[in-house]
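Dear colleague,

Please find below the structure that I am handing over to you. A summary of what was found in it follows.

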Amino acid sequence: MELNQIQSYVNSNKERFLNELLDLLKIPSISAKPEHKPDMFTTAEAVKQRLIEAGADKVEICQTKGYPVVYGEKIIDSSKPTVVVYGHYDVQPADPLDLWDSPPFEPVIKKTDIHPEGAIFARGACDDKGQMYMHVKAFETMMKTNTLPCNVKFMIEGEEEVGSSNLGPWIIKNKEKLKGDIILISDTSIIANDIPSIDSGLRGLAYMEVEVVGPNRDLHSGVYGGAVANPINILCKLIASCHDENNHITVPGFYDKVQELSDAERAEMAKAPFDLNDFRKDLNIDEERGEKGYSTNERTGIRPTLDVNGIWGGYTGDGAKTVLPSKAFAKISMRLVPNQSSKEISDLFIKHFESIVPKSVKVKVTAHHGGEPVVVPTDSKGFLAASKAMQETYGKKPVPTRSGGSIPIVALFKKELGMDSILFGFGLDSDGLHSPNEHYGLFNYYRGIETIPLFYKYFTA
Ligand code: BES
Ligand code: MN
Ligand code: MN
């Protein structure tokens, strides 16, 4: 397989590759919203059709307790290695809709400073339909140019954005079907379009919901205010107490198992190009903030966090209503690093919150979905194949990085299937994943399609 052979096929099919992705992006496959259930099945069916057209065999929609997994394979020779591609066809909710410059499910191409060749604006453009579909088109390209060097299996799920809780049991039931040598995933980012990188880790996640209950009903804040605990005031205090003045997390035991990096490892990490001024400029902030003693890259890559994702209660409508609310709520997530466990951290958090709550209110803490942290060995065959592939298309050796995000199922791939995952992402952190105006660069889309076949080549060699 030669790169120019791949490039010439991609070039002569560019427009179709793009239009097919645009069609996929038009279906609002929001896994978190029950009203989009029909769209989820429509998207799964569309992915199935595309895999069939690209040349996959045994393509099927596999039911789970939640949304289905689309499976397909091409087995050319059982003595050859097998690459298992994972991706997700579900997307995050598009809200707040009024912050989008164009409707989230009517994709448009627009140029930006970072994407002078143009970028596709739509929910899911980068996370993960655009990146997942690169694999389908890379596979088509290898099929049509007769260059597929090994076996391939596709596992495209519909519940990543809601924690993948039904995928685990499906994987455990289908271990034989999923047998392979490496998992290949494009659902992460590179540093910049001229600075390729490959993630060697993902953070885990523990996600909690807290309910603080004060008096048995909403009260007049004049008649009762000052004498009865206000659950919102209390909740804010409790949350604020979760960090100390150095921004360390105060939940007892929280750091006990955190894997500390050696000075040498930290020095290696610090080599990754990073410009604090660009970071500030992109986010329009005057100063970053985080745990004392760690750099910005370390704060997102190797350190755990605790963040409020949402907080509500009381009166939030127009004008003023003088009310002392009965209840207050918050959603709080913690990003985890190796060797923290999602279950252990959830338990520590619950215990801590229950212990600090004053007698004047009651608190109920429940745990939502979670996920375990992951590290990928950078000296493995898969990582080196990915590195070589990117070096060839970008003309530069990719930098190993640690991602701050989570893909909850990845730890399970290792535990249940014994396979490492290669985090072969091509998006940019600035592409607005989960935000309004999410987009994916055309450069990134085509570059990914051209680079993926080279991974197969070097992994098989
Ligand atoms: N693709 C992202 C994760 C990601 C994004 C990793 C950018 C690295 C760089 C994934 O779809 C995602 O959003 N995961 C969730 C997991 C959660 C919903 C269980 C996350 O990280 O919040
Ligand atoms: Mn994703
Ligand atoms: Mn996501």
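I begin with Asn284, which counts as exposed because its relative accessibility is 70%, above the 50% that the term requires. Asn284 is placed in the loop between helix 8 (276-283) and helix 9 (296-301). Its backbone deserves a look: the phi of Asn284 is near 55 degrees, a positive value in a residue other than glycine. Please bear in mind throughout that this is a predicted model.

A second asparagine belongs in this part of the account. Asn247 is not a glycine either, yet it has a positive phi of about 65 degrees. The loop that holds Asn247 runs between helix 6 (231-240) and helix 7 (263-269). Is Asn247 buried or exposed? With a relative accessibility of 15%, Asn247 counts as buried, because the limit for that class is under 20%.

The backbone also contains cis peptide bonds. One of them leads from Asp95 to Pro96, with omega near 0 degrees; Pro96 is located in the loop between strand 3 (82-88) and strand 4 (108-110). Another joins Pro338 to Asn339, and there omega is near -10 degrees. Asn339 lies in the loop that connects strand 15 (327-336) with helix 10 (342-356).

I turn now to the metal site. Which residues coordinate the manganese ion (ligand 3)? The protein donors are Asp127 through OD, Glu161 through OE, listed twice, and His434 through NE2, at 2.1 to 2.5 Å. Along the sequence, the donor residues follow the spacing D-x33-E-x272-H. Glu161 and His434 bring together distant parts of the chain, 273 residues apart. Glu161 is in the loop between strand 6 (151-157) and helix 5 (167-173), while His434 is in the loop between strand 20 (427-428) and strand 21 (439-441).

These two residues also differ in accessibility class: Glu161 counts as buried at 14%, whereas His434 is partly exposed, with a relative accessible area of 40%.

The site of the manganese ion (ligand 3) has 6 donor atoms, and the angles among them range from 56 to 156 degrees. The site is therefore classed as irregular, because six donors count as octahedral only if opposite donors are over 155 degrees apart and all others between 65 and 115.

Finally, the manganese ion (ligand 3) has a neighbour: the manganese ion (ligand 2) is 3.6 Å away, and Asp127 coordinates both ions.

With kind regards

Technical notes: Residues numbered from 1 in each chain as written. Chains lettered and ligands numbered in written order. Predicted model: local features only at pLDDT ≥ 70, side-chain atom pairs only at ≥ 80, totals over all residues. Heavy atoms only, no water. Donors = N, O, S within 2.8 Å, 3.2 Å for Na, K, Ca; no water. Tetrahedral: all angles 85-135°; square planar, octahedral: opposite > 155°, others 65-115°. Helix = DSSP H or I, 4+ residues; strand = E, 2+ residues; numbered from the N terminus. Buried < 20%, exposed > 50% of the residue type's maximum accessible area, 1.4 Å probe, protein only.
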